[in-house]
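The following report works through one protein model, beginning with a helix and its charged side chains and moving on to the loops. Please keep the sequence and the coordinates at hand while reading.

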Amino acid sequence: VCGIRVDKLLQRDGAVCGVACDGDELEADCVILAEGVNGLLAQKVGMKKEIMPHQAAVGVKEVIRLGAETINERFGLADGEGAALLIAGDSTGGAEGGGFLYTNRDSVSIGTVATLSHIGAGRGVKVPDMIDRLKAHPGIAPLIAGGEPVEYAAHLVPEAGANMTPELFWDGVLIAGDAAGFVMNMGYTFRGMDLAIESGRIAALAVLHAKAVGDFSAQTLAFYRDLLEASFVLRDLAHYRGMPALMDSRLIYDELPGLACETLGGMFAVDGRAPRRMVGRATETVLEAGGLTELAALGWRALKTL
């Protein structure tokens, strides 16, 4: 029954036994919660804590129609091919997050993602400003010039990965997808769709198992976690557990993009000055940015985390 808001979970003797929807009640042997990062229903039954600003990000996306022929020409594509860009630095004004642009059949999707703790009051970073700044950037504007905006969307995304996983099962209830924190921000990419799909499939297997034995208690539904641990879901989340702390460094979003631009810009510039070796130019830029110690520490943390 799509388009119906669920207000609360029904409970009998402490076990979840269905849902309440706008005054109506629907009983069920088991409920699978896939309600997104906020997890309000899970919070009401004590399976999940309220999310904190550093544990979630807001992503904003625009879809701009350009036409297949224009897209192929601007991005150097053949029919059936696509392109994707990941962007760090200017699009978020140094805040934790980044930008993206990828092609569809006759349109491009463009947007930004920023951690909630880095936007809003006191930080000087606003989401509408970020996407406007990204679209106006000289490296992006020519790619979308003349396009027609046809869609706008915003979405909250869990960011803390394994560090925000709630209680995944209880009597008569399982939690999957974003509601379980099954998203990994690895800096160079986000992973969430594969984790959501696989955790939903595994949740269904756990319910079928409980149905077969006629028991929907937490003891039986613990099979859900067993299956998750045997899959790539909890394995990969555990592997990248340290990424949220690593990605909280200002260097990644503020200093490093500028460092790369300064170093490479100096290498390719033809300005009449005597050429310099890349090592010397890079060292000078790093020292101007604050020194080698902080950068080396970040590199070491990255090696250990990845």
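In which helix do glutamate 198 and arginine 201 both lie, and how many residues apart are they? Both belong to helix α5, where they are three residues apart, about one turn of the helix. The model in which they are found is a predicted one, and the values in this report are to be read with that in mind.

**The chain as a whole**

The protein chain has twelve helices and 13 strands, and buried residues make up 42% of its 306 residues. Among the contacts between residues at least 6 apart in sequence, 63% join residues that are at least 24 apart. Ten salt bridges are held in the structure.

**Helix α5 and its partner**

Helix α5 covers residues 193–213. At 1.5 Å a residue, its 21 residues should span 30 Å, and the end C-alpha atoms are 31 Å apart, which agrees with that expectation. The buried residues of α5 are Leu195, Glu198, Ser199, Ile202, Ala203, Ala206, Val207 and Ala210. Just after the helix, glycine 214 takes a positive phi of about 70 degrees.

Helix α5 packs with helix α8 (residues 232–239) at an angle of about 140 degrees, the two axes being 9 Å apart. Because angles over 145 degrees would count as roughly antiparallel and those from 65 to 115 as roughly perpendicular, α5 is described as oblique to α8. On the α5 side the contact involves Asp194, Leu195, Glu198 and Ser199, which meet Phe232, Val233 and Leu237 of α8. The residues of this contact divide into four nonpolar, one polar and two charged. Leu195, Glu198 and Ser199 thus appear both in the contact with α8 and among the buried residues of α5.

**Salt bridges around the two helices**

Side chains of opposite charge can pair when their charged atoms come close. Three such pairs are set out below, with the distance given from N to O.

| Acidic residue | Basic residue | Distance |
|---|---|---|
| Aspartate 236 | Arginine 191 | 3.0 Å |
| Glutamate 198 | Arginine 201 | 2.9 Å |
| Aspartate 236 | Arginine 235 | 2.8 Å |

The pair of glutamate 198 and arginine 201 is contained within helix α5, and its two members differ in their surroundings: glutamate 198 counts as buried at 15% relative accessibility, whereas arginine 201 is partly exposed, with a relative accessible area of 44%. The pair of aspartate 236 and arginine 191, by contrast, links distant parts of the chain, with aspartate 236 in helix α8 and arginine 191 in strand β13 (residues 190–191), 45 residues apart. Aspartate 236 counts as buried, at 10% relative accessibility, and its side chain also meets that of arginine 235 in a salt bridge. Arg191, Asp194, Arg235 and Asp236 are linked in a network of salt bridges, and Asp194 is also one of the α5 residues that meet α8.

**Loop residues with contacts far along the chain**

Leucine 116 has its place in the loop between β8 (107–115) and α3 (127–136), and at 26% relative accessibility it counts as partly exposed. Leucine 116 and valine 58 are 58 residues apart in sequence, yet 6.5 Å apart in space, C-alpha to C-alpha. Not counting residues up to four places away in sequence, leucine 116 touches Pro53, Ala56, Ala57, Val58 and Leu156.

Proline 166, found in the loop between β9 (148–158) and β10 (169–170), counts as buried at 13% relative accessibility. Proline 166 and lysine 49 are 117 residues apart in sequence and 7.5 Å apart in space, C-alpha to C-alpha. With residues up to four places away in sequence again not counted, proline 166 touches Met47, Lys48, Ile175, Ala179 and Ala180.

**Positive phi angles at two aspartates**

Which value does phi take at aspartate 13? Although aspartate 13 is not a glycine, its phi is positive, at about 55 degrees. Aspartate 13 is found in the loop between β1 (8–12) and β2 (15–21) and is exposed, with a relative accessible area of 80%. Aspartate 22, also not a glycine, has a positive phi of about 50 degrees. The place of aspartate 22 is in the loop between β2 and β3 (24–27), where it is exposed, with a relative accessible area of 64%.

Key: Residues are numbered from 1 along each chain as its sequence is written. Side-chain values use heavy atoms; hydrogens and water are left out. Axes are lines fitted to C-alpha atoms, for helices over the stretch in contact, and angles run from 0 to 180 degrees between N-to-C directions. Helices (H or I, at least four residues) and strands (E, at least two) are DSSP runs, numbered from the N terminus. Angles under 35 degrees count as roughly parallel, over 145 as roughly antiparallel, 65 to 115 as roughly perpendicular and the rest as oblique. Contact means heavy atoms within 4.5 Å. Ala, Val, Leu, Ile, Met, Phe, Trp, Tyr, Cys and Pro count as nonpolar, Asp, Glu, Lys and Arg as charged, and the others, Gly among them, as polar. The expected span of a helix is 1.5 Å times one less than its number of residues. Buried means under 20% relative accessible area, exposed over 50%, partly exposed in between (1.4 Å probe, protein chains only). A salt bridge is a side-chain nitrogen of Lys or Arg within 4 Å of a carboxyl oxygen of Asp or Glu.
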